[in-house]
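Hi everyone, thanks for coming. Today I'd like to walk you through some side-chain contacts in a protein structure. Please have a look at it while I talk.

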Amino acid sequence: MTDVMVDVRGVHKSYGQLEVLRGVDLQVRTGEVTVILGPSGSGKSTLLRSINHLEKVNRGWISIDGELIGYRRSGNRLHELKEREVLRQRTHIGYVFQNFNLFPHLTVLENLIEAPVHALRRPRREAVAAAERLLARVGLADRAASYPRQLSGGQQQRVAIARALALEPKVLLFDEPTSALDPELVGEVLDVIKDLARSGTTMIVVTHEIGFAREVADTVVFMDDGVVVEQGPPSAVLDEPRHERTRAFLSKVL
């Protein structure tokens, strides 16, 4: 299917004897928002990190926009790419961490232009202009000269989203983007993500925010014990779940 942006096929991941992902299949179409729900330890974050090749899978493969991530195919075998090639691929995959991961010694503006200037070799003036547009988009045009420590958690996460967007990625990955925030700051971050969804950005969001999933997701995926238990539109998975494990999880969080 040519409109599949993210294609995950038969992915397994183990840490020693602990099998965290047990044959995960997932397809995300261009411009769609997929929200992944599930209890702690179900493999959600490991799957997200595998898509970005921050985790190396034991079996299976992942492609983005038709390109294998982390590997090249030779006949029936996969060979791992060199680190510089993996880094090149990551410039197409925006990743927003739950703990922001901003560079504390750089200003907000410097955080945004770091990768475009040094990884993509864009002219500094061009990168600065793009960064200023992104800061305005996330409501932080007046904080370009601030340092991360001078911002609230919600503001830091909005900067992290703008930084991910600065590379003009093909897909954005969010790993529990609101879990480190005080409750009163959650809404401002979710509003930015909702705006991205309305603009047609391809996104995979690992979250526990059921209301957000219901409002924004094209597809809701429920994971448990390293497998995809069920997936479908929010109205199906959240309102009429077919599997007992999904029903049991939702009964605890709704």
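I'll start with salt bridges, then turn to aromatic rings, and finish with charges over rings.

One thing to keep in mind: this is a predicted model.

So, how many salt bridges does a search of the whole structure find? The number is 18, and I'll pick out a few of them.

Let's begin with aspartate 225 and arginine 22, whose closest N and O atoms are 3.1 Å apart. Aspartate 225 is in the loop between strands E11 and E12, while arginine 22 belongs to strand E2, so this salt bridge ties together parts that are 203 residues apart in sequence. Are these two buried or exposed? Aspartate 225 is partly exposed, at 43% relative accessible area, and arginine 22 is partly exposed too, at 32%.

Next come lysine 170 and aspartate 65, a salt bridge with its closest N and O atoms 2.9 Å apart. Here both partners sit in loops: lysine 170 between helix H5 and strand E9, aspartate 65 between strands E4 and E5, so the pair ties together parts 105 residues apart in sequence. Lysine 170 counts as partly exposed at 29% relative accessibility, and aspartate 65 does as well, at 41%.

My third example is glutamate 230 with arginine 242, where the closest N and O atoms are 4.0 Å apart. Glutamate 230 lies in strand E12 and arginine 242 in the loop between helices H8 and H9, 12 residues apart. Glutamate 230 is buried, with 4% relative accessibility, whereas arginine 242 is exposed, at 57%.

There is also a network: Lys13, Arg49 and Glu55 are joined by salt bridges that share partners.

Now for the aromatic rings. The count comes to two aromatic pairs. In one, tyrosine 95 and phenylalanine 97 have ring centres 4.4 Å apart and planes at 35°, so the pair is tilted. Tyrosine 95 is buried at 9% relative accessibility, but phenylalanine 97 is partly exposed at 23%.

In the other pair, phenylalanine 222 and phenylalanine 249 have ring centres 5.2 Å apart, and with planes at 40° the pair is tilted. It links strand E11, home of phenylalanine 222, to helix H9, which holds phenylalanine 249, across 27 residues. Both of these phenylalanines are buried.

Last, charges over rings. Arginine 73 has its charged end over the ring of tryptophan 61, 5.9 Å from the ring's centre. Likewise, the charged end of arginine 149 sits over the ring of tyrosine 147, at 5.0 Å from its centre.

Thanks for listening!

Definitions and conventions. Residues numbered from 1 in each chain as written. Predicted model: local features only at pLDDT ≥ 70, side-chain atom pairs only at ≥ 80, totals over all residues. Heavy atoms only, no water. Salt bridge = Lys/Arg side-chain N within 4 Å of Asp/Glu carboxyl O. Helix = DSSP H or I, 4+ residues; strand = E, 2+ residues; numbered from the N terminus. Buried < 20%, exposed > 50% of the residue type's maximum accessible area, 1.4 Å probe, protein only. Phe/Tyr/Trp six-rings, centres within 6.5 Å; stacked < 30°, edge-to-face > 60°. Lys NZ or Arg CZ within 6 Å of the ring centre and 35° of its normal.
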